[in-house]
Protein chains: 2
Amino acid sequence: MTAALSATSANKTIDLGPAVELVSKEEGHRQPLAPEFVSVEDFSPLEVAYDFGHVRREDIEAGPRNIWRYKKLLPVPSTVEETPNTEPGCTRLVRADRLAKELGLKRVWVKDDTGNPTHSFKDRVVAVALAAAREFGFEVLACPSTGNLANATAAAAARAGWRSVVLIPKSLERAKILTTAVYDGDLIAVDGNYDDVNRLATELAAEHPKWAFVNVNVRPYYSEGSKTLAYEVAEQLGWRIPEQIVVPIASGSQLTKVDKGFRELGQLGLVDASPYKVFGAQATGCSPVSTAYRNGHDVVQPVKPDTIARSLAIGNPADGPYVLDVVNRTGGAIEDVTDEEVVEGIRLLARTEGIFTETAGGVTVATAKKLVETGKLDPDAETVLLITGDGLKTLDAVENHIGPKATVPPSAEAVAKALGY
Amino acid sequence: MTAALSATSANKTIDLGPAVELVSKEEGHRQPLAPEFVSVEDFSPLEVAYDFGHVRREDIEAGPRNIWRYKKLLPVPSTVEETPNTEPGCTRLVRADRLAKELGLKRVWVKDDTGNPTHSFKDRVVAVALAAAREFGFEVLACPSTGNLANATAAAAARAGWRSVVLIPKSLERAKILTTAVYDGDLIAVDGNYDDVNRLATELAAEHPKWAFVNVNVRPYYSEGSKTLAYEVAEQLGWRIPEQIVVPIASGSQLTKVDKGFRELGQLGLVDASPYKVFGAQATGCSPVSTAYRNGHDVVQPVKPDTIARSLAIGNPADGPYVLDVVNRTGGAIEDVTDEEVVEGIRLLARTEGIFTETAGGVTVATAKKLVETGKLDPDAETVLLITGDGLKTLDAVENHIGPKATVPPSAEAVAKALGY
């Protein structure tokens, strides 16, 4: 059906477009749409299920130049673009021939999500979370975060005129505090580590019924936002699924949603349901999913993160097992790379394509390199790399590796000499 | 004529699309297209003149989602999108109702150029400079800069596979050095101030025939890139020119090119040639054009800059007199704002619309506020604000003004108490 579903919650009709119910990931228990994230039946994560009806390319192409063009594929109201929210998405898909050559791949595309409003893919998920939260009657947008999510949540709330509550560890770098504080929400520094902050968020979500913690109580909606990466890549390739895609793994949610997005496009007949392989990228200092993959396990053993790729540093990734499912089903692979390789990955992308990514992007590029070297990525297959965040936010990672080629007196002769002319 | 012009330079046919010659701004002396920036006849700046022929909206709308959709209006080869370059442009035009309300304006749009590849409008001008430079046979892309231009030049050269030479004052902040150095061009720190660096660039441009200094010897082409801001605003409004636009002034080039862009669209029948007013924004600590405007002068007295808005801190703005012409002709005005007001402007935009701009954007927002208060901006007229750069690059400007609302122990009770619940 293409008309919006009507559900009832607290005497209000809920319009979340094509979303019809929540389904538990383990045993498939179904329940009405609500701001809940864990099944009380089997304690597994809840995921949004849809009744898409007929969706046509023309409808999407006639939509706005942001993720709301895919509103008929997302758990958002049918009038979502009429309410204040950020308008992320429709970021560049860059043909990366110089990078391809260095990697030894025939054709590479970089999905450059640094072009989003706060320069990471988190704007996508937060925008969907805000739209759903509004529909459920929430009044405050909240999150625990150490970086990109804090920026995205505070910015989206500001634009919507909502109050935000963003919880960060007190020890966070000053730059990350500033880039959140500027939006003037309620930024709270917590005297504890990120685990403390996360625990606090779950507690607060239970106590404050008007607070939507984007990655806690409205997580099923939030995480669907990552599907838009798959939709955009396919549309930008001319309605076609790439043969290979490399995705960084933090909680693992993004990778599973990219796969979900590709599958939906095929099922809806928006693209040919051609085979594709999904590859996962982790930093060795936080590689629980890569380790499980290597050992052939289907459970993921938690680790204590120690890597410069802090936006990927989730030691106990909630969607780890589902990542393994996707990678194994599609015939992909998972690899991890050292912090030195991460820095090399950042520099390689910058020097070949003029794109400056954060550490997570360095993980993706360096992992792609390793996957080619180990024969897991097919050099002749078309490959997409997801670059999900901006180098301006993780300057410390490259600080000791780069700088001016020379310092010279103000004379043309000195410059020419320094450059070997 | 719609076919590209053929000119001859160094035995090579030059294809710069609709560009036909260079014209001196003062006395209108014409000369062939060449990498020159000052008329030898009247010593005034040279500007590109065109023979556009017939340009249709449909041709533009069918083009790529970047500035090359306007290639028939720019001094670039007709096949420009086939050669490696950055693909800036098509950034968001955001309806800013919450900002409008605070400013006391009925309808405001923010052109958010932080979405460009290196997060400022400089990607537009550098992309055009690179395209023209390639056509003229240059092999190195160069510039003197203290920030945004350095990022854009180094990134564009990297993507094109060109060598870059970027000259910066040795004393530049470490963050700005890193965001340029990462692209791995020839970044040279000069033991001198920005004036020394600038002088050096002119000297080097004369000595190295293969070096295109984007803002020196190929400046006439480079500066045309700013016209794309006007084209995009008009197209995004549904092929319509806004009644009022507020533009920051550094050299003044951007403001004059936005005006040029609007005029061209009207002359070509791509929009109704409706009246519009162009307003200029400066920081009081570097306000030579605003001062001249206030005093009714038509020459601009140079000043020694002293403002946090460093990307606008050009004390002797080359296009100052032409800015005065545009503002007076269209019935606009120019104002300047203190550094305190600049910070307030940054914070106002962030808190109302979730957009974090650099100091130049703060100048634009704060000036708009002042122009409303002094009755110069019509509150009932539709107004566009050009936000040309990113707050992530000027964190030091807000550093002492913002921070967490509270620091609390890791307990839900403490958070609720800190927030007044």
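This short talk walks through a few strands, helices and one loop residue of a predicted model. Residues are numbered from 1 along each chain as its sequence is written, and chains are lettered from A in the order in which they are written. Because the model is predicted, local features need pLDDT of at least 70 and side-chain atom pairs count only at pLDDT 80 or more, while totals for chains, interfaces and linings use all residues, and side-chain values use heavy atoms, with hydrogens and water left out.

Let me begin with the sheet. Five strands, where a strand is a DSSP run of E over at least two residues and a helix one of H or I over at least four, both numbered from the N terminus, form an open sheet in the order S11(A)-S8(A)-S9(A)-S10(A)-S16(B), with parallel pairing; two strands pair if DSSP finds at least two bridges between them. Strand S11 (211-213) of chain A and strand S16 (406-408) of chain B stand at the edges with a single partner strand each, so one side of each has no neighbour in the sheet. On average, neighbouring strands here are turned by 25° against each other, direction ignored.

Within this sheet, S9 (residues 163-169) and S10 (residues 186-190) of chain A run parallel and are joined by five bridges, and A:Ile168 has A:Ala189 in S10(A) as its bridge partner. Helix H4 (residues 148-160) of chain A packs on the sheet, touching strand S8 (140-144) and S9 of chain A, and its direction makes about 175° with that of S8(A); such angles run from 0 to 180 degrees between N-to-C directions, with axes fitted to C-alpha atoms, for helices over the stretch in contact.

Turning to strand S5(A), five of its five residues are buried, meaning under 20% relative accessible area with a 1.4 Å probe and protein chains only. A:Leu46, A:Val48 and A:Tyr50 point one way from S5(A), whereas A:Glu47 and A:Ala49 point the other way. In a regular strand the side chains alternate between the two faces of the sheet. Strand S3 (residues 19-24) of chain A pairs with S5(A) in the antiparallel sense over five bridges, and A:Ser24 stands opposite A:Leu46.

Finally, where does A:Val55 lie? A:Val55 sits in the loop between strand S5 (46-50) and helix H1 (57-61) of chain A, and is buried, with a relative accessible area of 4%. Leaving aside neighbours within four places in sequence, A:Val55 is in contact, that is, with heavy atoms within 4.5 Å, with A:Ile60, A:Lys72, A:Leu73 and A:Leu270. A:Val55 and A:Leu270 are 215 residues apart in sequence, yet 7.9 Å apart in space, C-alpha to C-alpha.

Note on methods:
Buried means under 20% relative accessible area, exposed over 50%, partly exposed in between (1.4 Å probe, protein chains only).
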